[in-house]
Amino acid sequence: MAGPVAVLAAVLLALALFLALLAIPVRFVFRVERSGTTRTSWRMRWLFGLVDVQSGRRRAPRKRKPPRAETPEVERRRTRGPTAALATLRTRGFLRCIARLLAGLRRRIRFEDFHLRAEFGLDDPADTGRLYGAIAPLLLAAAGMGWHVDCRPTFLRSGLEGSCAATFRVRPLSIIGQFVRFFCSPPVLRAIRVWRSKR
């Protein structure tokens, strides 16, 4: 009997230690800039500075291939991504779930700083307008939470330019339930099925 009891006690002790570690705040510093080249940098500090990891990366833009006539199949593949994204965002209840997740994370994540500046455009200006209309409620919600957000559509060219910087603290244990609730909700499951079907 001593053997199983000792194993159970060891398992419970390890679980308690694991949960205690997840309750210790983690501090993240993240920054990304995109203007021709893409620069990213991040830093994570945990366990009161005992764990300190950081990284930075710079990626040059891809060389554009000379334009050539597109077959109908190639054109369908090129437009499939934006079409799938729009169809996913239009899934009934999906945006409400995202807003609920952001609100839940906002209560559990302590943002010391958050700035977003971006300009985006798709190949089709109509798709650009529809995408901006779909994400506008999320931008308003982010601004209502005190985040500095400046996200604008551009109808003259396609692409994404801008920068995002954030510094925040979070207790991992406090946000696990939020993500489980989000990914298990019926609207999100429907949105995942829509995305897969459109891709």
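The exercises below, each with a worked solution, concern a predicted model.

**Exercise 1. Overall layout**

State how many helices and strands the chain has, and in what pattern they follow one another.

Solution.
1. The chain has six helices and six strands.
2. Along the sequence these elements are arranged as α-β-β-β-α-α-β-α-β-β-α-α.
3. Of the contacts with a separation of 6 or more, 71% join residues 24 or more positions apart.
4. The chain has 199 residues, and 26% of them are buried.
5. Its accessible surface is about 14000 Å², with 61% belonging to carbon and sulfur atoms.

**Exercise 2. Length and sides of helix H3**

Compare the expected span of helix H3 with the distance between its end C-alpha atoms, then determine where its buried residues lie around the axis.

Solution.
1. Helix H3 covers residues 94-108, which is 15 residues.
2. The expected span is 1.5 Å times one less than the number of residues, so the prediction for H3 is 21 Å.
3. The end C-alpha atoms of H3 are 21 Å apart, in agreement with that value.
4. Buried in H3 are Phe94, Cys97, Ile98, Leu101, Gly104 and Leu105.
5. These residues cover an arc of only 130 degrees around the axis, and therefore lie on the same side of H3.
6. The spacing has a general background: an α-helix has 3.6 residues a turn, so residues three or four places apart point the same way.
7. Arg96 and Arg107 are exposed on the other side of H3.

**Exercise 3. Arginine 27 and its salt-bridge network**

Locate arginine 27, list its contacts beyond four places in sequence, and identify the salt-bridge network that includes Arg27.

Solution.
1. Arginine 27 is in strand S1, residues 26-35.
2. Its relative accessibility is 27%, so arginine 27 is classed as partly exposed.
3. Beyond neighbours within four places, arginine 27 contacts Arg43, Met44, Arg45, Glu112, Thr167, Phe168 and Arg169.
4. Salt bridges link Arg27, Glu112 and Arg169 in a network.
5. Within this network, glutamate 112 and arginine 169 have their closest N and O atoms 2.8 Å apart.
6. Glutamate 112 belongs to strand S4 (residues 109-121) and arginine 169 to strand S6 (residues 159-170), so their pairing ties together parts that are 57 residues apart in sequence.
7. Glutamate 112 is partly exposed at a relative accessible area of 35%, and arginine 169 is partly exposed at 34%.

**Exercise 4. A salt bridge inside one helix**

Describe the salt bridge between aspartate 127 and arginine 130, and decide whether each partner is buried or partly exposed.

Solution.
1. The structure holds nine salt bridges; one of them joins the side chains of aspartate 127 and arginine 130, at 2.5 Å from N to O.
2. Both residues are in helix H4 (residues 125-144), three residues apart, or about one turn of the helix.
3. Buried means under 20% relative accessible area, so aspartate 127, at 17%, is buried.
4. Arginine 130 has a relative accessible area of 39% and is partly exposed.

**Exercise 5. A nonpolar patch**

Identify the residues of the nonpolar surface patch and the helices that each supply at least two of them.

Solution.
1. The patch consists of Leu15, Phe18, Leu19, Leu173, Ile176 and Val180.
2. Together these residues have about 520 Å² of accessible area.
3. Helices H1 (2-22) and H5 (172-183) each contribute at least two patch residues.
4. Leucine 19, for example, is in helix H1; at 37% relative accessibility, leucine 19 is partly exposed.

Notes:
Residues numbered from 1 in each chain as written. Predicted model: local features only at pLDDT ≥ 70, side-chain atom pairs only at ≥ 80, totals over all residues. Heavy atoms only, no water. Patch = residues over 30% accessible without salt bridge, like charges linked within 9 Å, V, L, I, M, F, W, Y side chains within 5 Å. Areas by Shrake-Rupley, 256 points an atom, 1.4 Å probe, with all protein chains shown as cover. Salt bridge = Lys/Arg side-chain N within 4 Å of Asp/Glu carboxyl O. Helix = DSSP H or I, 4+ residues; strand = E, 2+ residues; numbered from the N terminus. Buried < 20%, exposed > 50% of the residue type's maximum accessible area, 1.4 Å probe, protein only. Arc of directions from axis to C-beta. Contact = heavy atoms within 4.5 Å.
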